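Hi,

Here is the structure I said I would pass on. My notes follow below it.

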Amino acid sequence: MFKLYKKLFAYVPEKRYLVFVSMVLSAVSTFAVVGAYYYLYLFFDRLIMTGDRSGSVFYAWVIFGLLIGGMSVYFVGVLASHVLGFRLETNLRKRGIEGLSEAGFRFFDLNSSGRIRKIIDDNASQTHTIVAHLLPDIANALVKPVLLLIVGFLVSIRVGVGLTVLTVAAVALYMSMSGETKFMKYYQQALERLSAESVEYVRGIQVVKIFNADTKSFKTLYDAINDYAKFALNYSMSCKVPWVLLQWLIIAVTAVITPFIFLLPGVFGHTPGTAVELLMLMFLSGVMFATIMKIMYVVMYSFNGAMAVDKLEEMYGKMYKDSLRHGNRETFTGFDIEFDRVTFGYGEKSVLKDVSFKLEQNKSYALIGASGSGKSTIAKLISGFYSPDEGTIRIGGGPLRNTAKRRCLIIFLSCFRM
């Protein structure tokens, strides 16, 4: 998780201080709120055990002050994390736009517009979530369970032990729902494919209407929907039993504890103190379960966020790896075009391998060959729209990569007169 946030904060160096502001304020808020829970115990103890209403009113005001103060501090912490999250999301999208403006044509040949949009837009949104919402939740998740157990043992040994047992049971059920990392990876890949194919499908509807094409051409979308449905169903079914048990434990905990309180009086006894302990156990267990649910979301969104960042950085790497490089050369002593041991391919597929030839100026040439033999690729390489994987392309004796961008366009237009 720390490696994930280190990657993310590298994109927002000017706002990195907000990380500490958010987490510190969230921790302070947690101390204040849990302190209010302890004073709630004192409130019940004074009201039920001694009947001191004036003293209980004082504790009620203390509880009110701690809760209002804690909520206010938490609001400021969440506001700081949201400012950081929006800045991060903006910077990631800017990085994507800059990469698209510099990427070579091969990048667009290998990546559909739907997939590019999904990776940049949707994954940038996911990084906002893990920063804006999870930063305060992480501080809360680290501090609150420990403080709740301390309060439970301050109330009584029985409340502390009971709360510990319930917490361990809830955590065990949660762990059984976590699933395998490999499974979640496949699930995310299926979701990405579904999103990309949906965009391509919508954009292709006009083609179907104009040319009266068969809708069977959209079989890839149908397959993407089935794959996503399969993974979603399998994951849901694997979580069904532990999720139901966890909900039963949270909602029906009173029905589980109450028989031991009232049917076994020799063990617990019927005393006002027992009622206070029961009230506090019910209250603290509810808060503990809500905290555990937060931890579940922290883990889930952290996993999704890590995948989102990896996909974004992989996409950025492909953009800049295949970016078009231009120099400032504007003048030429000649216009001979020379390929010197040039190799080029689309992904794993090689179109040209170790190709060498020379085209002299003031002559016309025709590129003849079967479909897919590399005719268009050669023209695009000459224009500078593609960068060769190996070898050198020269114009007028100088490397094409040293030619200014404006001159590359003129050369491209000239290719159509060959």
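A search of the whole structure turns up seven salt bridges. Keep in mind that this is a predicted model. The background to such pairs is simple: side chains of opposite charge can pair when their charged atoms come close.

R394 deserves a look, with two of the pairings. One is with E338, where the side chains meet at 3.9 Å, N to O. That distance falls inside the 4 Å cut-off for a salt bridge. This pair links distant parts of the chain: R394 sits in strand β3 (residues 390–395), E338 in strand β1 (residues 337–346), and their positions lie 56 residues apart in sequence.

R394 also forms a salt bridge with D340, with the closest N and O atoms 3.3 Å apart. Here D340 is in strand β1 and R394 in strand β3, so the pair ties together parts that are 54 residues apart in sequence.

How exposed are these residues? R394 has 22% relative accessibility, so it counts as partly exposed. E338 is partly exposed because its relative accessible area is 27%, between the 20% and 50% limits. D340 falls in the partly exposed class as well, at 28%.

Next, E360 and K363. They form a salt bridge, and their closest N and O atoms are 3.0 Å apart. E360 is partly exposed, at 41% relative accessibility. There is also a network: E89, R93 and D121 are joined by salt bridges that share partners.

Now helix α6, residues 134–155. It has 22 residues. From first C-alpha to last it reaches 31 Å, close to the 32 Å expected at 1.5 Å a residue. Where does α6 bend? At K144, by about 30°. A proline, P145, follows within four residues. The helix is mostly covered, with 16 of its 22 residues buried.

Finally, the chain as a whole. It has 13 helices and four strands. Of its 418 residues, 42% are buried. Among contacts with a separation of 6 or more, 80% come from residues 24 or more positions apart. The chain exposes about 23,100 Å², and carbon and sulfur atoms supply 65% of that area.

If you open one region to begin with, try R394 with its partners E338 and D340. Then go to the bend in α6 at K144.

Best wishes

Key: Residues numbered from 1 in each chain as written. Predicted model: local features only at pLDDT ≥ 70, side-chain atom pairs only at ≥ 80, totals over all residues. Heavy atoms only, no water. Helix = DSSP H or I, 4+ residues; strand = E, 2+ residues; numbered from the N terminus. Buried < 20%, exposed > 50% of the residue type's maximum accessible area, 1.4 Å probe, protein only. Contact = heavy atoms within 4.5 Å. Areas by Shrake-Rupley, 256 points an atom, 1.4 Å probe, with all protein chains shown as cover. Expected span 1.5 Å × (residues − 1). Bend = angle between axes of the 7 residues up to and from the residue.
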